[in-house]
Amino acid sequence: MKRSLILFVAMGIAMVSGCATTPAVFTDYDPGVSFGQYRTYRWAQKPEGYSPLEQQRLVAAVDAKLRERGWTQSTEAQIDIVANVATETRYSLDSFYSGPAWGGWGWGGGWGGWGCCGGWGWGASYGSTTTRAYTYGTLVLDMFDAQSKRAIWRGIAQGTVPSDPQRQTTNMLASVDKMFATFPPGAPIAQAQ
């Protein structure tokens, strides 16, 4: 019983720490585009389909990152930003086993006679399985040249969406930080000394 309790607690800690990770972030861009020519942008489409508070925080976070790089919002912008958010409910099965699981012996295995791999055994094992629903989300930020409508940059963040709004915001801000860590592409990266 004590061993089962320790195993249960260890699995619980692993599950909780697994949920605490930030989303996976990926970026892509058109290498033929000189990002140094751009200085203005506008939101052609803000993300919809989730909390309006989270939408405001996301837009503010992206605006702050672009301001840090010298970009400004303008109605006559050079870049159009389009944001999309998609969520889906996913399910995981968590199985827990307890009790002794001693091996067995008996008939089977070969051509007549005693064998090791089959037959009947003795012992008992108890198990239970629970289903857990969780929300998985994807954020996509696209940038288009406003004049040519050509796609020039994309940032994607994917991961489990925490139910706690504060953790949602923390994960979203971490995702935006990762997306814009090397933005604009092709610009020299300052080396830490």
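Start by selecting Arg-42 and Asp-80: the two form a salt bridge, with their closest N and O atoms 2.5 Å apart. (A salt bridge here is a side-chain nitrogen of Lys or Arg within 4 Å of a carboxyl oxygen of Asp or Glu.) Arg-42 is in strand β2 and Asp-80 in strand β4 (residues 79–98), so this pair ties together parts that are 38 residues apart in sequence. (Strands are DSSP runs of E, at least two residues, and helices are runs of H or I, at least four, numbered from the N terminus.) Switch on a surface and compare the partners: Asp-80 counts as buried at 8% relative accessibility, while Arg-42, at 27%, is partly exposed. (Buried means under 20% relative accessible area, exposed over 50%, and partly exposed in between, with a 1.4 Å probe and protein chains only.)

Two notes before moving on. You're looking at a predicted model, where local features need pLDDT of at least 70 and side-chain atom pairs count only at pLDDT 80 or more, while totals for chains, interfaces and linings use all residues. Residues are numbered from 1 along each chain as its sequence is written, and side-chain values use heavy atoms, leaving out hydrogens and water.

**More salt bridges**

How many salt bridges does the structure hold? There are ten. For another, pick Asp-30 and Arg-150, whose closest N and O atoms are 2.3 Å apart. Asp-30 lies in the loop between β1 (24–29) and β2 (40–45), and Arg-150 in the loop between β7 (126–145) and β8 (151–161), so the bridge ties together parts 120 residues apart in sequence. Asp-30 is buried at 17%, and Arg-150 is partly exposed at 42%.

While you're by that second loop, click on Lys-149, which also lies between β7 and β8. Lys-149 has a positive phi of about 65° even though it is not a glycine. Why stop for that? Because most residues other than glycine have a negative phi. Is Lys-149 buried or exposed? At 52% relative accessibility, Lys-149 counts as exposed.

Next, select Asp-142 and Arg-154, a salt bridge with its closest N and O atoms 2.6 Å apart. The pair links distant parts of the chain, with Asp-142 in strand β7 and Arg-154 in strand β8, twelve residues apart. Asp-142 is buried at 9%; Arg-154 is partly exposed at 38%. Then show Lys-65, Glu-68, Arg-69 and Asp-177 together, and you'll have a network of salt bridges.

**On to the rings**

The structure holds eight aromatic pairs. (Rings of Phe, Tyr and Trp, using the six-membered ring of Trp, pair if their centres lie within 6.5 Å; planes under 30 degrees apart are stacked, over 60 edge-to-face, and the rest tilted.) Phe-35 and Tyr-38 have ring centres 6.3 Å apart and planes at 70°, so they are edge-to-face. Both are buried: Phe-35 at 3% and Tyr-38 at 4%.

Trp-153 and Phe-183 are another edge-to-face pair, 5.4 Å centre to centre with 80° between the planes. Trp-153 sits in strand β8 and Phe-183 in the segment after α3, so the pair ties together parts 30 residues apart in sequence. Now step one bond along: a cis peptide bond joins Phe-183 and Pro-184, with omega about 0°.

To see the wider cluster, select Tyr-29, Phe-35, Tyr-38, Trp-71, Trp-153, Phe-180 and Phe-183, linked by ring pairs.

Last stop: Arg-90, whose charged end sits over the ring of Tyr-136, 3.7 Å from its centre. (That label needs NZ of Lys or CZ of Arg within 6 Å of the ring centre and within 35 degrees of the ring normal.)
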